[in-house]
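Hi,

Here is the structure I promised to send over. Have a look at it first, and then read my notes underneath.

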Amino acid sequence: MDGSKVKLEFWMGERFGWEKPGPIEMEFPIEEGESLLSLLNKLGEQIKIFDETIFNPRTQSLSSEAIIVLNDSVKTLPEMSEIKLKQGDRILFLPLLVGG
Amino acid sequence: MEILGGYIGKILRVDLNLLKAETEDLRSEVLVQYVGGTGLGAKYLYDQVPAGIEWNDPGNSLLFFSGPLGGTRVSGSGTFSAVTKGPMTNLAGASQANGFWGAFIKFAGFDGILIQGAASKWVYLFIHDGVCEIHDAHYVFGKETWETQDLLLKKHGLGRKGSVYCIGPAGENMVRYAAIVGDKGHIVAHNGMGAVMGSKQLKAIVVARGKFQVPVVDGEALEKLARDLIEDAKTKSNKSIHEWGTAGGFSTAALGGWLPVKNYTTNIFTQHEKFDGRYLRAHFEMKPNPCWACSMHHSQMCRVTEGSFKGFEGEEPEYEALATWGPVIGNTDPGAVVMLNHLTDNLGMDLNEAGWTIAWVMECYEKGVLTKKDLNGLEMVWGNVEATGQLLQKIARREGIGNLFAEGVKRASEKIGGEATQWAIYTQKGASPRSHDHRGRWSELLDTCVTNTSTIEATCGGVFPEQLGYPPVFDKFSPWEVPMANAKENGWRQFEDSLGVCRFCIPNRELTVKCVNAVTGWNLDLKEAMTIGRRIVNQLRVFNLKHGLKPELEKPSVRYGSTPVDGPVKDRAIGPYFDFMARTYYEMMGWDRETGRPLPDTLKSLGLDELIEQF
C-alpha cells in the first residue's frame, strides 16, 4: 500500500560490521497485510549479512543469537507468519548475548 | 606420555592441618583427559572428597587451576578456575575469575593448588619461585578485601608483580555466599567458595610473579592464532563488550525481557538507558584496568559523575552488578550501583545471591511480613540503597538479622515460612541464578537448575548450536527445542573453562582449539574438545549424585519458575513444562530420564568406565 512503514532498531550492528554497536534505526516500507515473517525474508535479501546474523531466507531460520521484539513483545519464529504488520510498528533486533 | 607444552608440570598440595606444602608432578594422562581449570578441578575433587564430607569439613578440598593457555600470549590468560564442594548446594561448585592470578601462579612454578585440611589459626599462603610459605594472617584478619590485597602486596614488596586472592569479613564469618576476591575487581563468586576458604581459616593466597615460563610447542603459529582470536573478539563476536563492557547488554536485557526487576514482580524497567554501558562509558569517568595480557576494554575503574554518589570511585560494575543493585532492588541511580558493587566486593560476597536476598527482604517488608523492628531498624523499601548497604554490612558480619540472611534466600525464606517462601528466587539445590529474569531466557533457567557446577554449565546467555554445525534454535520458548539444544551444546563451556583463559577473549571455537594445539602439541578437533567437556560434566555429575543430588533438587523455586505478568515476555509460562524439559534434557545427555543418572554406555563412551560402579 500507500506508503506504510515500520520502524526497525538494530541492536546488533557490530555483527554486520557496522561502525558502532547499535542501536541503529531505520524505516522500512511494508505492504498491506504483510507478515513479520515476510518482512524478515525481504530484509534477508536486501541487507548485507542479515542472512548470516539474524534471519536466513534460504533455510527460513532465525539465528540462535537473535531476539526479535515487536511493539515491546518478544516474538518467536513459529509465530511470525501469523503476525500482520501495520504502520508505525516498532521492531527490535536484539543480540541474545552481549555480556551478562 | 611426555608433556610437551602448556604446563609447568607441577601442582602444589597444601595441608593446612599440618601447615605443610608439597610439590607434585602433574600426570600427562590426566591432562589429556581433563586439560586444566574446571576439568582438573572436577577430577581432583572426585578423587579427594568422598561422600559424607560436608562443605565445611576439613576433608573438603579447595582447588585452583590455571590451564594450558594460562600465561601464554593468548589474551585474557590470567584466568583460573576454583572448584570445591560449596555451601549453597553442598554439592560441587566451579567458578572462574580473571585478572592476573592464573598467569602468575604458572610463572611462580605451578599449574594449580590443592588445599586440604583446616588451620588452627588464620593463615595465608605466599607462593613464589616454586615454593609456598604459610604465614600467620593476624595482620590482615578482619580486613576488607581491597585493603587485604594492598597490605599483603606491600608486605611482600610486590606491587604490580604480585596477585592476591582473599576473603573479606563475609568469608571469615562463613556467610554461605561468601566469595574469593582478587586483583581488585575480580571475583570467584559462585557457591560460597569464600566460606570454604573461611572454614579452613585461610585468609589469602599471595602469588609473586616469578620467572617460570610456559612452554609452547609452536610459538610462531600461536602468535598468529592469538592475534586472530582477539581480533575476532574485539571487532566482531564480542565487539559490544570491547566497546561498552558487559553493561552494553543492559538495555537489550530490558528490551528483550530478561532484565530482573523488583524480585520478578514486574518485567518493566523504563530507566534502562542510564544503566547501559553506552551511557555509563560516555558519562562516568573511566580508566582502563585490564587483565593479564588483554587488550579487550572489558575491565575498567570508574568515577561517578552525577547523582547522589557523585565522586565515588570503584570498579566499573559488570552487567550483573548493575542489574542486582539497580532494578532487582528497585534502585534507579546507577551511581549507587558503583557504591554497592564496591561494598559487596570489599565485604567479599556473591552479589547475585546478596541481591536476591535483599530484594526478597524488600518484598517481605512491602507486604508486611518483615517489619522495621524485625530488620533491626532498617527501612527496607524498594530502592533504599543506604539501608541496603547497612544490611550488607550486617550480613557480612552475621550481626543481628544479618545472621539469618547470611544463609541465603532459600534458607532464610524457609525459616520465615508462610507465603514469603513463594517469593524467593532460587534453585531447589540452593544455588543462585545469575542476575537475569530467566523467565525470558528459558535455556538459562533450565541450565541453572540442572547444572553440576552450581552456576551455568551449558549456556552462556543462550545456546548457539550453529557453532557446532547444528541447526539454530527455532523457538527459544519451546519445551522441546530448549532442552535438546542445551544438551547438544553442553561440554563446550566446560572445555573453555579448563583452558585458563577468559571466555570473552575466545568466542571463535575453531581458533581456540587451534591455539590449544599450538601450545600443547596435541591435535584436537572441535568434536574431541566437546568430548573432553562432556567428560568433565559427567565427572561432576557423578560426584554430585554420590553427594546427595536428586531430581527434585533440579527445579526452580515457585517465583523463579513463575510466569511474567507484564513486559516483553508476558504470559510465557515455563512452569507447566519444566519437568518435561528436565527429563528431555536428561535423556539427551545420555542420562536416565527419571533419575538423571548417567547411563553406563554414556560413561563408557567418555572413558569414565571406572565410575559406573561407584554411584
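At what angle do the axes of helix 7 of chain B and helix 20 of chain B cross? They cross at roughly 155° and come within 9 Å, with helix 7 spanning residues 219-237 and helix 20 residues 509-520. (Axes are lines fitted to C-alpha atoms, for helices over the stretch in contact, and angles run from 0 to 180 degrees between N-to-C directions; helices are DSSP runs of H or I with at least four residues, numbered from the N terminus.) That angle makes helix 7 of chain B roughly antiparallel to helix 20 of chain B, a label used for angles over 145 degrees.

Before going on: this is a predicted model, where local features need pLDDT of at least 70, side-chain atom pairs count only at pLDDT 80 or more, and totals for chains, interfaces and linings use all residues. Residues are numbered from 1 along each chain as its sequence is written, while chains are lettered from A and ligands numbered from 1 in the order in which they are written.

Back to that helix pair. The crossing of helix 7 and helix 20 of chain B is left-handed (the near helix is turned anticlockwise from the far one by less than a right angle; clockwise would be right-handed). Among the residues making the contact are B:Leu222 and B:Leu225 of helix 7 and B:Leu511 and B:Cys515 of helix 20; being in contact takes C-beta atoms, placed from the backbone, within 7 Å. By class, the contact has 9 nonpolar, 1 polar and 3 charged residues. (Ala, Val, Leu, Ile, Met, Phe, Trp, Tyr, Cys and Pro count as nonpolar, Asp, Glu, Lys and Arg as charged, and the others, Gly among them, as polar.)

Now try helix 17 (442-450) and helix 18 (481-489) of chain B, whose axes come within 9 Å and cross at roughly 60°. This crossing is right-handed, and B:Trp442 and B:Pro483 are among its contact residues.

Next, the two chains: 34 residues of chain B are in contact with 24 residues of chain A. Helix 8 of chain B gives the most to chain B's side, with 5 residues. That side divides into 16 nonpolar, 10 polar and 8 charged residues.

Finally, the domains. An automatic or database assignment sets the bounds, and chain B gets domain 1 (10-208), domain 2 (239-423) and domain 3 (442-506 + 525-614). The C-alpha centres of domains 1 and 2 of chain B lie 26 Å apart, and 31 residues of domain 1 are in contact with 25 residues of domain 2.

Cheers

Terms used. Helices (H or I, at least four residues) and strands (E, at least two) are DSSP runs, numbered from the N terminus. Angles under 35 degrees count as roughly parallel, over 145 as roughly antiparallel, 65 to 115 as roughly perpendicular and the rest as oblique.
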